[in-house]
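Me: Got a structure open and want to talk it through. Can you keep it short and start with the basics?

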Amino acid sequence: MKDFKKNFFEGLSKTSQFIKETSEEAAQKIKEGSEKLSGSGKVAKEKIIEVVNDVIAVLPLLEKAGYRTNEFKIGLSVTPLIEVSFCKISTVDAQTLQQLKKDHAEKTMFNMILSMLESAYSLSEKLDAEAFNFHETIVEITVPPRLSLRYVNKALKTTDILLRENP
């Protein structure tokens, strides 16, 4: 169990650093939107809609990369939050992934989310949580972006898993 905790926290630390380094542009975009939200003006709302639409637009591309969207949520506050839940549905070969990244290089949101998903999946393959199965990856697009890996008790059936907001 000590090895699990050590590997888990080391993996999270590396993932956090990776996310921080690869998402500066998107974080700046969201920060600008959140600053405008505090004024609650028309421009602020349009900026939030723009960011949400950017996320929604790349969801089909992420599915081509092997990650299906389970659900997404939008939270509005001083710092807006877009939470997207993904599960890996297929393994896409490296050449196809590289081509997707090249074809959509101008889509910062796509590349940021794909990098986060690849990092999370890599981490999930290294963790051994014995009584739990890796279930999904939750990407939170906010300032700063956040990544969560969801594990579910192996004794539960998929139909028993409730997708609900975290307390």
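Reply: Sure. Two strands pair if DSSP finds at least two bridges between them. Helices (H or I, at least four residues) and strands (E, at least two) are DSSP runs, numbered from the N terminus.

Me: And where do the coordinates and numbering come from?

Reply: This is a predicted model, where local features need pLDDT of at least 70, side-chain atom pairs count only at pLDDT 80 or more, and totals for chains, interfaces and linings use all residues. Residues are numbered from 1 along each chain as its sequence is written, and side-chain values use heavy atoms, with hydrogens and water left out.

Me: OK, the sheet. What order do the strands come in?

Reply: The order is 1-2-3-4, in an open sheet of four strands with antiparallel pairing. Strand 1 (67-75) and strand 4 are the edges, and each pairs on one side only. From one strand to the next, the twist averages 25°. Axes are lines fitted to C-alpha atoms, for helices over the stretch in contact, and angles run from 0 to 180 degrees between N-to-C directions.

Me: How many bridges are there between strand 2 and strand 3?

Reply: Five, linking strand 2 (residues 81-88) to strand 3 in the antiparallel sense. Take Ile82: its bridge partner in strand 3 is Ile141.

Me: Which helix packs on the sheet?

Reply: Helix 5 (residues 108-126) does, touching strand 1, strand 2, strand 3 and strand 4. Contact here means heavy atoms within 4.5 Å. The direction of helix 5 makes about 155° with that of strand 3.

Me: Back to strand 3. How many bridges join it to strand 4?

Reply: Eight, between residues 132-141 and residues 146-153, running antiparallel. One of the pairs is Thr137 with Leu149 in strand 4. A hairpin of four residues connects the two strands.

Me: New topic. How many salt bridges?

Reply: Two, counting a side-chain nitrogen of Lys or Arg within 4 Å of a carboxyl oxygen of Asp or Glu.

Me: What does Lys73 pair with?

Reply: Glu83, with the closest N and O atoms 3.7 Å apart. Lys73 sits in strand 1 and Glu83 in strand 2, ten residues apart.

Me: Is Glu83 buried or exposed?

Reply: Buried, at 16% relative accessible area. Lys73 is partly exposed at 21%. Buried means under 20%, exposed over 50%, partly exposed in between (1.4 Å probe, protein chains only).

Me: And the other one?

Reply: Lys101 and Glu118 meet at 3.2 Å, N to O. Lys101 is in helix 4 (residues 94-103) and Glu118 in helix 5, so the pair ties together parts 17 residues apart in sequence.
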